[in-house]
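User: Here is the model I would like to discuss. Please explain how each descriptive term follows from its computed value.

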Amino acid sequence: MRVLAIVGSLRQGSLNRQLAEAAAREVAALDPGAEFSILAWDDVPLFNEDIERPAPEAVSRVRQEVLDADGIWFFTPEYNHFFPGPLKNLLDWLSRPVSAKQGQVLNDKPCAISGISAGGTGTACAQDHLVALISFLNMRVMNKPRLTVPSGFSKVKDGKLELGDSQPYLKRQAEAFLAFLK
Ligand SMILES: Cc1cc2nc3c(=O)[nH]c(=O)nc-3n(C[C@H](O)[C@H](O)[C@H](O)COP(=O)(O)O)c2cc1C
């Protein structure tokens with residue numbers, strides 16, 4: 001079982017990246033045979049049809065990682081009640097057919113969604129927008145449960161995220177996603 005996490009923040013110390021790392025620990029505890037990796041995508045260029053073909057090396061690499069995964073787990077920040085623009089850019093690249101013979105790599109791919117934000121929404125608004133996009137791209141979205149973690153910075157101690165009351169919800173989502181992937 002291969003789970004690929006796509007974290008919508010590129011910043012060092014990202015709360016969403018730390019949430020993905022916590023999810024990796026939950027998955028490892030539930031299924032020691034499962035693989036969990038976090039996609040590196042900070043070298044994916046801004047989408048421009050002028051450079052679409054042949055695909056830039058970074059784009060070919062992320063497409064292959066998505067293809068190789070049994071499921072995608074999104075960890076999205078919330079920017080202005082939306083998901084971040086860089087994540088939209090990545091998804092625009094992934095939404096394009098690989099070739100005349102091969103369609104786009106997100107098609108029919110199962111996915112889960114979590115997020116942590118500074119404010120009270122816990123990324124609920126961003127997640128709803130993300131669901132609209134990835135449903136259009138024909139991903140198989142696990143809508144229940146989704147995880148929203150509000151007031152993210154109140155859960156940081158010495159730079160480290162401590163989920164506290166939210167930890168059991170993350171575990172529950174990991175269990176549900178592993179079952180969803182079977
Ligand atoms: C451009 C921008 C817009 C933001 N808008 C929201 C928002 O709508 N709701 C919210 O809860 N937090 C918002 N925030 C704060 C983020 O939740 C916070 O920066 C969070 O740590 C980002 O995720 P990360 O730690 O994974 O990078 C915004 C931050 C930025 C930079």
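Analyst: Before the loops can be placed, the elements need fixing: helices (H or I, at least four residues) and strands (E, at least two) are DSSP runs, numbered from the N terminus. Residues are numbered from 1 along each chain as its sequence is written. The model is predicted, and local features therefore need pLDDT of at least 70 and side-chain atom pairs count only at pLDDT 80 or more, while totals for chains, interfaces and linings use all residues.

User: What makes the peptide bond from Lys-144 to Pro-145 stand out, and where does Pro-145 lie?

Analyst: Most residues other than glycine have a negative phi, and most peptide bonds are trans. The bond from Lys-144 to Pro-145, by contrast, is cis, with omega near -5°, and Pro-145 sits in the loop between strand 5 (140–141) and strand 6 (147–149). A cis peptide bond also joins Arg-53 and Pro-54, where omega is about -5°, and Pro-54 belongs to the loop between strand 2 (35–38) and helix 2 (57–68).

User: What is unusual about phi at Asn-80 and at His-81?

Analyst: Asn-80 is not a glycine, yet its phi is positive, at about 55°, and His-81, likewise a residue other than glycine, has a positive phi near 60°. Asn-80 is in the loop between strand 3 (71–75) and helix 3 (85–94), and His-81 is in the loop between strand 3 and helix 3 as well.

User: How do you know whether Asn-80 and His-81 are exposed or partly exposed?

Analyst: The test counts other C-beta atoms, placed from the backbone, within 10 Å of a residue's own: 20 or more means buried, 12 or fewer exposed, and anything in between partly exposed. Asn-80 has 9 such neighbours inside 10 Å and so counts as exposed, whereas His-81, with 14 other C-beta atoms within 10 Å, is therefore partly exposed.

User: Why is His-129 called partly exposed, and which residues does His-129 touch?

Analyst: His-129 has 15 C-beta neighbours inside 10 Å, a count that falls between the two limits, so the residue is partly exposed. His-129 is placed in helix 4 (residues 124–136), and although His-129 and His-81 are 48 residues apart in sequence, their C-alpha atoms are 8.7 Å apart in space. Contact requires C-beta atoms, placed from the backbone, to lie within 7 Å of each other; leaving aside residues up to four places away in sequence, His-129 touches Phe-82 and Phe-83.

User: Why do Leu-15 and Ile-116 count as buried?

Analyst: Leu-15, in helix 1, has 22 C-beta neighbours inside 10 Å, which meets the limit for a buried residue and so gives that label. Ile-116, found in strand 4 (residues 110–116), has 30 C-beta neighbours inside 10 Å and is therefore buried too. The C-alpha atoms of Ile-116 and Leu-15 are separated by 6.6 Å, although their positions lie 101 residues apart along the chain as a sequence separation. Not counting residues up to four places away in sequence, Leu-15 touches Ile-116, Gly-152 and Leu-161, while the contacts of Ile-116 include Leu-15, Leu-19 and Val-149.

User: What makes the packing of helix 1 against helix 5 oblique?

Analyst: Two packed helices are described by the angle between their axes and the distance between the axes. Helix 1 (residues 15–30) and helix 5 (residues 167–180) pack at an angle of about 60°, with their axes 9 Å apart. Angles under 35 degrees count as roughly parallel, over 145 as roughly antiparallel, 65 to 115 as roughly perpendicular and the rest as oblique, so helix 1 is oblique to helix 5. The axes are lines fitted to C-alpha atoms, for helices over the stretch in contact, and angles run from 0 to 180 degrees between N-to-C directions. On the helix 1 side the contact residues are Ala-22, Ala-23, Glu-26, Val-27 and Leu-30, and on the helix 5 side Leu-170, Lys-171, Ala-174, Glu-175 and Leu-178.

Definitions and conventions. Two residues are in contact if their C-beta atoms, placed from the backbone, lie within 7 Å.
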